[in-house]
Amino acid sequence: MTDRIYPSAKPAGANPPASTNGATNPAFPATKAQLYGASRPQYRPQPKPQRYRRSCCCSCILWTIILLIALVFLAAIAGAIFWVLYRPQRPSFSVTTLRISQFNVTRSKDGSSSRLNSKLDLAVSTRNPNKKIVFGYDPITVSASSNGVGIGSGTVPAFVHERKNTTLMKASVTSAGTELDSSSASSLSADLKKKSGLPLEIEMDTKVQVKIGSLKAKKVGIRVSCNGIQAAVPKGKGKSAVSDSGSFSNAKCKVDLRIKIWKWTF
């Protein structure tokens with residue numbers, strides 16, 4: 001029986017054999033830290049997903065839009081039903097007569113200022129064409145001007161305009177010693193010499209309340225503007241000049257809503 005020969009132990013301090021690629025071989029056997037720590041990637045905390053928060057915001061926006069569309073749709077249906085049942089129409093206005101009993105532009109002795117004294121009596125016809133709607137008017141402020149120059153103001157008392165009714169409003173528009181600048185005085189003096197008459201604009205401002213049976217809506221402001229009026233001017237002192245509807249057949253009156261938001265009126 002032959003004896004086995006074992007290699008001798010590696011002498012202390014001997015260098016490990018070099019690898020074929022020039023790098024040193026790792027120590028053998030490898031430790032657990034070398035086996036598991038070398039290949040394990042570095043831990044980096046990931047941000048939490050925000051899908052739930054985003055989906056919640058999107059859902060809120062979507063439901064808000066759907067709610068607004070539904071409200072607009074319901075308002076349109078209610079408006080259509082109201083229109084079919086009541087057929088609402090705006091009241092109409094027209095100037096029927098206008099009498100100028102006084103209209104004087106006087107200059108001071110030194111010519112530095114001018115003053116206006118005027119008195120106009122006018123009648124305005126208003127018609128309510130609705131069968132089921134009543135209008136309630138607050139006191140009406142009436143103002144008259146000529147080419148942008150104010151020539152007087154007055155008021156009409158409050159009244160209720162019944163269904164399918166025509167009402168005649170009368171007002172006196174006066175100006176007592178109103179001071180005019182040089183350009184306004186020159187403009188009025190030139191208009192007084194026109195053969196066609198004095199051009200006038202009439203404006204009426206008030207608030208109106210709509211009544212349907214026992215229901216009453218909130219009061220809203222309106223402005224009635226009448227343009228295209230050519231009024232005859234009295235010749236001589238103590239005389240008056242009357243202009244009927246035939247003298248200003250081209251006059252037109254329109255009604256506009258006056259909506260006030262804070263400091264602004266539209």
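**Lys 132.** I looked up how open Lys 132 is in this predicted model. Its relative accessibility is 45%, so Lys 132 counts as partly exposed; the exposed class would need over 50%. I then placed Lys 132 in the chain: it sits in the loop between β2 (114–128) and β3 (134–137).

**The patch.** I checked which residues go with Lys 132 on the surface. Arg 127, Lys 131, Lys 132 and Lys 164 form a positive surface patch.

**Lys 164.** I followed the patch to Lys 164, which lies in the loop between β6 (159–161) and β7 (165–180). With a relative accessible area of 49%, Lys 164 is partly exposed. I also noted its backbone: phi is positive, about 50 degrees, although Lys 164 is not a glycine. I wrote this down because most residues other than glycine have a negative phi.

**Asn 147.** I found another positive phi at Asn 147, near 55 degrees, and this residue is not glycine either. Asn 147 belongs to the loop between β4 (140–146) and β5 (149–156). Asn 147 counts as partly exposed because its relative accessibility is 44%.

**Asn 130.** I went back to the loop between β2 and β3, where Asn 130 is found. Is Asn 130 buried or exposed? Its relative accessibility is 1%, so I entered Asn 130 as buried; the cut-off for that class is under 20%. I then looked for a partner of its side chain. The side chain of Asn 130 makes a polar contact with the side chain of Asn 128, at 3.0 Å.

**Loop note.** The loop between β2 and β3 thus gave me two entries: Lys 132, partly exposed, and Asn 130, buried.

Conventions: Residues are numbered from 1 along each chain as its sequence is written. This is a predicted model: local features need pLDDT of at least 70, side-chain atom pairs count only at pLDDT 80 or more; totals for chains, interfaces and linings use all residues. Side-chain values use heavy atoms; hydrogens and water are left out. Patches are made of residues with over 30% relative accessible area and no salt bridge: like charges are joined within 9 Å, nonpolar side chains (Val, Leu, Ile, Met, Phe, Trp, Tyr) within 5 Å. Accessible areas come from the Shrake-Rupley method with a 1.4 Å probe; for residues, only the protein chains shown count as cover. A salt bridge is a side-chain nitrogen of Lys or Arg within 4 Å of a carboxyl oxygen of Asp or Glu. Lys and Arg count as positive and Asp and Glu as negative; His and the chain ends are not counted. The place of a charge is taken as NZ of Lys, CZ of Arg, CG of Asp or CD of Glu. Helices (H or I, at least four residues) and strands (E, at least two) are DSSP runs, numbered from the N terminus. Buried means under 20% relative accessible area, exposed over 50%, partly exposed in between (1.4 Å probe, protein chains only). A polar contact is a pair of N or O atoms within 3.5 Å; within protein, one must be able to donate a hydrogen and the other to accept it, and residues adjacent in sequence count only if both atoms are side-chain atoms.
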